[in-house]
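Morning, everyone. I have one structure to walk you through today. Please have a look at it before I start.

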Amino acid sequence: MNAALPPSTDSRTQPDQLRLRQIELARQAVMQEGRSMTDVAVDAWFERAWIERSWRRCLAAGRRPDQRLAFDMVPEAARRRTAEASHALVSAARPVLDKLGRAIANTRYFAILTDAQGVVVDVNGPIDRSDRRAQLITRIGVDLSERSVGTSAIGAVLAELQPLWLHRGEHFFNDTSVYSCAGAPLFGPDGRCVGMLDLTGIETAERPELKHLVAQSARSIENALALARPHSLLVRLNWPGRALGDEADGLVCLDADGWVTAANQIARQMVSQLATQAGGATHCSELFAMPWESLFDNAGREAPLEVPLWSGLRLSALAQAPGQAPPARASAARRPLKDLETELIRKAVQDARGNVMQAAQSLGISRATVYRKLGSKKTSV
């Protein structure tokens, strides 16, 4: 009598087999029967309609899933132009790719960086060079665009301009059905797409959580691209109540006259004028309903400034000189609670211009508590 599979093995295997079966049925519906993938399983495919759009583009171009792929390199002259045009992107991405390579070292996934046309400009991570399937797609200058290799995370991300996950047979061609990929677009300091970041595994377990990792890594690259632009002032933005000083900040770089020289994608999502004027000259007076000189006046101060938008919304802003380190959020979090409490009380007294009673009322504590916490016997209010 055959022994049953251990429950742990069965629980890992069945979901993956179900996914592959769903993909097979979706391919059959679209490519052989002319139906929509949602006819097969609405819940499984409703949010992944972008896959069907890509498949249909490939079919409309006369492609067949069983066609063999050459994974062509772009011509040598075009390769040199791509390398030159991608120099800033590769430089900004290199430190991020190094960290990313360590994060995925034990997953059998590796990182691919492409330009906006889907041409590979850099790679990183545990690449098995003895595996021809890995070697083909990690050559600098290979064209991995949709027009070249059909549906993939690379082509789909560049078409949809959003982070995506793609598993095995969700690729169009049979030759690419061994890959599983997570990808995210990369937007430059002017808001235009400059490329994409991809994490690929070969015949490995599905890891949809890599979509979060690749999107987070893409954000780091976008921030590095923005900060590399010449600027006289960096303005960090977030919503009131949110701490400033990490990669979740919106970044707006200004020249000495208040013109925007760079902005990251987060800032464009917070300030609508940045999104609608991507690529055009924008002055910070068009962004904030306040004298723009105030931002320069507040440069270097630790306390954030509340800034109004023309929409009526308000943001918290921290103005920094070029090269100035962001607030030390991590070290502040490790400070003793007693020190943070004392600092808060001292600031309240300063804000009240020395009026201890007013400071105590604003904090909801007694005047005696203020004196005790500050170690002062001063009696004037």
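**A helix and the sheet around it**

Let me start with what packs on helix α5. The cover over its buried residues includes β1 (109-115), β2 (120-124), β4 (179-187), β5 (193-202) and α9 (210-227). Keep in mind that this is a predicted model.

Which residues of α5 are buried? They are L89, V90, A92, A93, V96, L97, L100 and G101. Remember the helix repeat. An α-helix has 3.6 residues a turn, so residues three or four places apart point the same way.

Now the length of α5. The helix covers residues 87-103, which is 17 residues. At 1.5 Å a residue, α5 should span 24 Å. Its end C-alpha atoms are 24 Å apart, so the two values agree. There is a kink, though. It is about 40 degrees and lies at R94. The proline P95 follows shortly after.

Next, strand β1. How many of its residues are buried? Seven of the seven, so the rest of the structure largely encloses β1. Take the faces one at a time. On one side, Y109, A111, L113 and D115 are buried. On the other side, F110, I112 and T114 are buried too. Both faces of β1 are covered.

Who are the partners of β1? One is β5, joined to β1 by seven bridges. Another is β2, with four bridges to β1. β1 runs antiparallel to β5, and β1 and β2 are antiparallel as well.

Some pairs to find on screen. T114 stands opposite M196 in β5. In β2, T114 has V120 as its bridge partner. Y109 is bridged to G201 in β5.

Look at the hairpin of β1 and β2 as well. Four residues lie between the two strands. G118 takes a positive phi there, near 85 degrees.

Now the whole sheet. It is open, with five strands in the order β2-β1-β5-β4-β3. The pairing is antiparallel. Which strands stand at the edges? They are β2 and β3 (164-167). Each has a single partner strand, so one side of each is left without a neighbour in the sheet. On average, neighbouring strands of this sheet are turned by 20 degrees against each other, direction ignored.

That's my tour. Over to you.

Terms used
Residues are numbered from 1 along each chain as its sequence is written. This is a predicted model: local features need pLDDT of at least 70, side-chain atom pairs count only at pLDDT 80 or more; totals for chains, interfaces and linings use all residues. Side-chain values use heavy atoms; hydrogens and water are left out. The expected span of a helix is 1.5 Å times one less than its number of residues. The bend at a residue is the angle between axes fitted to the seven residues ending there and the seven starting there. Buried means under 20% relative accessible area, exposed over 50%, partly exposed in between (1.4 Å probe, protein chains only). Contact means heavy atoms within 4.5 Å. Two strands pair if DSSP finds at least two bridges between them. Axes are lines fitted to C-alpha atoms, for helices over the stretch in contact, and angles run from 0 to 180 degrees between N-to-C directions.
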